[in-house]
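Here are some short exercises for you to try with the sequence and the 3D view side by side. Have a go at each task before you read its solution.

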Amino acid sequence: MRKIIVLSFITLDGIMQAPGGPTEDTSGGFRFGGWTVPYFDAFSGEIMAEQMGRPFDLLLGRKTFEIFAGYWPDHDNDIGRPINSATKYVASNTVESHSWNKSVFMKGDVAGQIRTLKEGEGPELQVYGSGDFIQTLLANDLVDEFWLKIFPVTLGGGKRLFAEGAMPQAFKLTESKTSPSGVIFANYTRAGDVETGSF
């Protein structure tokens with residue numbers, strides 16, 4: 001069984017849209033693209049390198065795939081090499097092929113195809129960006145872990161990690177670190193059903 005791990009940069013108010021640059025995703029009039037940049041330091045880079053230093057394949061939405069495909073094939077560095085060598089499984093109803101090596105496109109019953117991937121052999125499946133696609137994963141109860149990078153900023157609007165359709169479930173914190181710039185790196189794994197009580 002392969003795990004699906006969502007690795008997301010999010011704000012204190014849960015926004016995940018366009019963390020890397022002003023033109024990354026301006027949909028909905030979003031004007032804060034690149035909000036992670038002032039907080040990203042060597043400490044953050046080390047954690048990212050560690051998380052990407054283990055065997056993985058990628059699950060991506062079309063928009064994130066196109067951003068990655070326009071950048072990473074030309075970058076043969078510590079982060080670029082694992083991304084380029086990973087199999088990229090892409091959810092898209094419009095794109096069926098691409099020259100970037102090891103790109104596999106899924107359409108139709110994407111949730112069913114992902115369940116088949118999970119049941120097969122292979123490395124963990126990491127999800128970057130892909131805000132709309134993550135909603136499909138959440139609605140179909142397919143996410144096993146969240147590796148969140150929580151930045152000390154609020155934006156008030158934009159695409160949210162938990163926008164809609166998340167299944168009720170409990171999680172366990174398995175690791176946490178804080179960068180000198182105040183970014184909280186928190187990893188969560190599933191911990192069964194939601195429990196309630198009263199005081």
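**Exercise 1. Decide whether Lys-102 is buried, partly exposed or exposed, and describe its backbone.**

Solution. Keep in mind throughout that you are working with a predicted model.
- Step 1: Find Lys-102 in the loop between E3 and strand E4 (103-106).
- Step 2: Take its relative accessible area, which is 44%. Buried means under 20% and exposed means over 50%, so with 44% Lys-102 is partly exposed.
- Step 3: Look at the backbone. Phi of Lys-102 is near 60°, a positive value in a residue that is not glycine.

**Exercise 2. Work through Asp-141 in the manner of Lys-102: where is Asp-141 found, and is it buried or exposed, or partly exposed?**

Solution.
- Step 1: Asp-141 sits in the loop between H5 and E6.
- Step 2: Its relative accessibility is 31%, so Asp-141 counts as partly exposed.
- Step 3: Asp-141 has a positive phi of about 55°, although it is not a glycine.

**Exercise 3. Classify Arg-2 by its accessibility and find what surrounds it.**

Solution.
- Step 1: Arg-2 belongs to the segment before E1.
- Step 2: The relative accessibility of Arg-2 is 4%, so this residue counts as buried.
- Step 3: List its contacts, leaving out residues up to four places away in sequence. Arg-2 touches several residues, including Asp-57, Tyr-89, Leu-117, Pro-123 and Asp-144.
- Step 4: Compare sequence with space. Arg-2 and Pro-123 are 121 residues apart in sequence, yet their C-alpha atoms are 6.4 Å apart.

**Exercise 4. Explain why strand E1 is largely enclosed, and name the strands that pair with it.**

Solution.
- Step 1: E1 covers residues 4-11, and seven of its eight residues are buried, so the rest of the structure largely encloses this strand.
- Step 2: E1 pairs with strand E5 (residues 124-128) in the parallel sense, over four bridges. As one example, Ile-5 has Gln-126 in E5 as its bridge partner.
- Step 3: E1 also runs parallel to strand E6 (residues 145-151), and seven bridges join them. Here Val-6 has Phe-146 in E6 as its bridge partner.

**Exercise 5. Explore the nonpolar cores: which residues of the largest one touch the most other members?**

Solution.
- Step 1: The largest core has 24 residues, and those touching the most other members are Ile-4, Leu-59, Ile-114, Leu-137 and Leu-161.
- Step 2: Ask where the core residues come from. Two or more come from each of E1, strand E3 (88-91), helix H4 (110-119), E5, helix H5 (131-139) and E6.
- Step 3: Zoom in on Leu-59. Beyond residues up to four places away in sequence, its contacts include Ile-4, Met-106, Ile-114, Val-127 and Phe-133.
- Step 4: Look for another core. One of 19 residues lies apart from the largest, and among its members are Phe-68, Ala-86, Val-95 and Trp-100.

**Exercise 6. Find the aromatic pairs and the residue that lies over the face of Trp-100.**

Solution.
- Step 1: Searching the whole structure gives twelve aromatic pairs.
- Step 2: Phe-9, Trp-35, Tyr-39, Phe-40 and Phe-151 make up one aromatic cluster.
- Step 3: Lys-88 lies over the face of Trp-100, 4.3 Å from the ring centre.

**Exercise 7. Judge how compact the chain is.**

Solution.
- Step 1: The chain has five helices and eight strands.
- Step 2: Its radius of gyration is 17 Å, close to the 16 Å that the globule rule gives for 199 residues, so the chain is as compact as a globular protein of that length.

Methods. Residues numbered from 1 in each chain as written. Predicted model: local features only at pLDDT ≥ 70, side-chain atom pairs only at ≥ 80, totals over all residues. Heavy atoms only, no water. Buried < 20%, exposed > 50% of the residue type's maximum accessible area, 1.4 Å probe, protein only. Pairing = 2+ DSSP bridges. Phe/Tyr/Trp six-rings, centres within 6.5 Å; stacked < 30°, edge-to-face > 60°. Lys NZ or Arg CZ within 6 Å of the ring centre and 35° of its normal. Core = buried A, V, L, I, M, F, W, Y, C linked by side-chain atoms within 4.5 Å. Contact = heavy atoms within 4.5 Å. Rg over C-alpha atoms; globule rule 2.2 N^0.38 Å.
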